[in-house]
Every structure is written in C-alpha cells, then in structure tokens.
Amino acid sequence: MIRPKIPAMPQPTGLITPSAVEPTTVIQQPPPAPAPVTASTRPTVQLTPGAVVALLGGGTAVVLVVGAVLVSMLLAVAITGASVAICALVIRSLINTEAKRR
C-alpha cells in the first residue's frame, strides 16, 4: 500500500546563540477628557398632514406597481410553460403517428 511520508522536524544547523531580551517600560497616559455635549446641528424634520398623505400615496403606488410587475412576470412564465408543454405533446403525437405508419 501507499504510505505517506511524514516530514521530520528540521533540526537547527550551526551554532545557536541566545539573544538577550531587554525589558520595555510601559508608560500610562491619562485618558482623554470626554467631548462636551452639544446640541445637534441637524435640522429636525416636521411632517405636515399633507406630507403624510403624499408619503402614504406614494408608498401605495410603489407597492401596486411592483406587485403588478411581479404578477405579470409570473403569468408570463406560466403561459410559456403551458405552451412548451403543448408543443411537446404535439411533437410526441406526430412522432408516434409517423412510427405507426411504417
């Protein structure tokens, strides 16, 4: 049988000289001061009743359009599948009648 060769750990070659490790000092710095709390500079959005109605109408229109597109795509796939199945039946019928005549 084929046995895999397991590599041996490589042995160091030549003279090994130990190196000295020099200690390092850790300098702790005080944490930075927290940033002052300021008022937001962004303008606030205020919705009027007319804007709410416009947003609801726009959202409804988007949902209806996307739904119509998805339904039409599903219908197109269903019609294509049905037509391919009918074509397959017609071709099978033609081949079977041709085979019976011989």
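**Notebook: one helix and its surroundings**

I began with Leu 56 and found this residue in helix α1. I noted that the model is a predicted one.

I then asked whether Leu 56 is buried or exposed. Its relative accessibility is 58%, so Leu 56 counts as exposed, because the cut-off for that class is over 50%.

I next looked up how far Leu 56 lies from Glu 22. The two residues are separated by 34 positions in sequence, and their C-alpha atoms are 70 Å apart in space.

I turned to the secondary structure of the whole protein. I recorded one helix and zero strands. Helix α1 covers residues 49–101, and Val 66 has its place there.

I checked the exposure of Val 66 as well. With 43% relative accessibility, Val 66 counts as partly exposed, because that class lies between 20% and 50%.

I also noted that Val 66 belongs to a nonpolar surface patch of about 550 Å². The other members of this patch are Val 62, Val 65, Val 69, Leu 70 and Met 73.

I then considered overall dimensions. The radius of gyration of the protein is 40 Å, whereas a compact globule of 102 residues would have a value near 13 Å. Along the principal axes, the C-alpha atoms fill a box of roughly 100 × 80 × 15 Å.

Finally, I looked up burial and surface for the entire protein. Of its 102 residues, 0% are buried. The accessible surface amounts to about 10,700 Å², and carbon and sulfur atoms account for 70% of that surface.

Terms used:
Residues are numbered from 1 along each chain as its sequence is written. This is a predicted model: local features need pLDDT of at least 70, side-chain atom pairs count only at pLDDT 80 or more; totals for chains, interfaces and linings use all residues. Side-chain values use heavy atoms; hydrogens and water are left out. Patches are made of residues with over 30% relative accessible area and no salt bridge: like charges are joined within 9 Å, nonpolar side chains (Val, Leu, Ile, Met, Phe, Trp, Tyr) within 5 Å. Accessible areas come from the Shrake-Rupley method with a 1.4 Å probe; for residues, only the protein chains shown count as cover. A salt bridge is a side-chain nitrogen of Lys or Arg within 4 Å of a carboxyl oxygen of Asp or Glu. Helices (H or I, at least four residues) and strands (E, at least two) are DSSP runs, numbered from the N terminus. Buried means under 20% relative accessible area, exposed over 50%, partly exposed in between (1.4 Å probe, protein chains only). The radius of gyration is taken over C-alpha atoms; the globule rule is 2.2 Å times the number of residues to the power 0.38.
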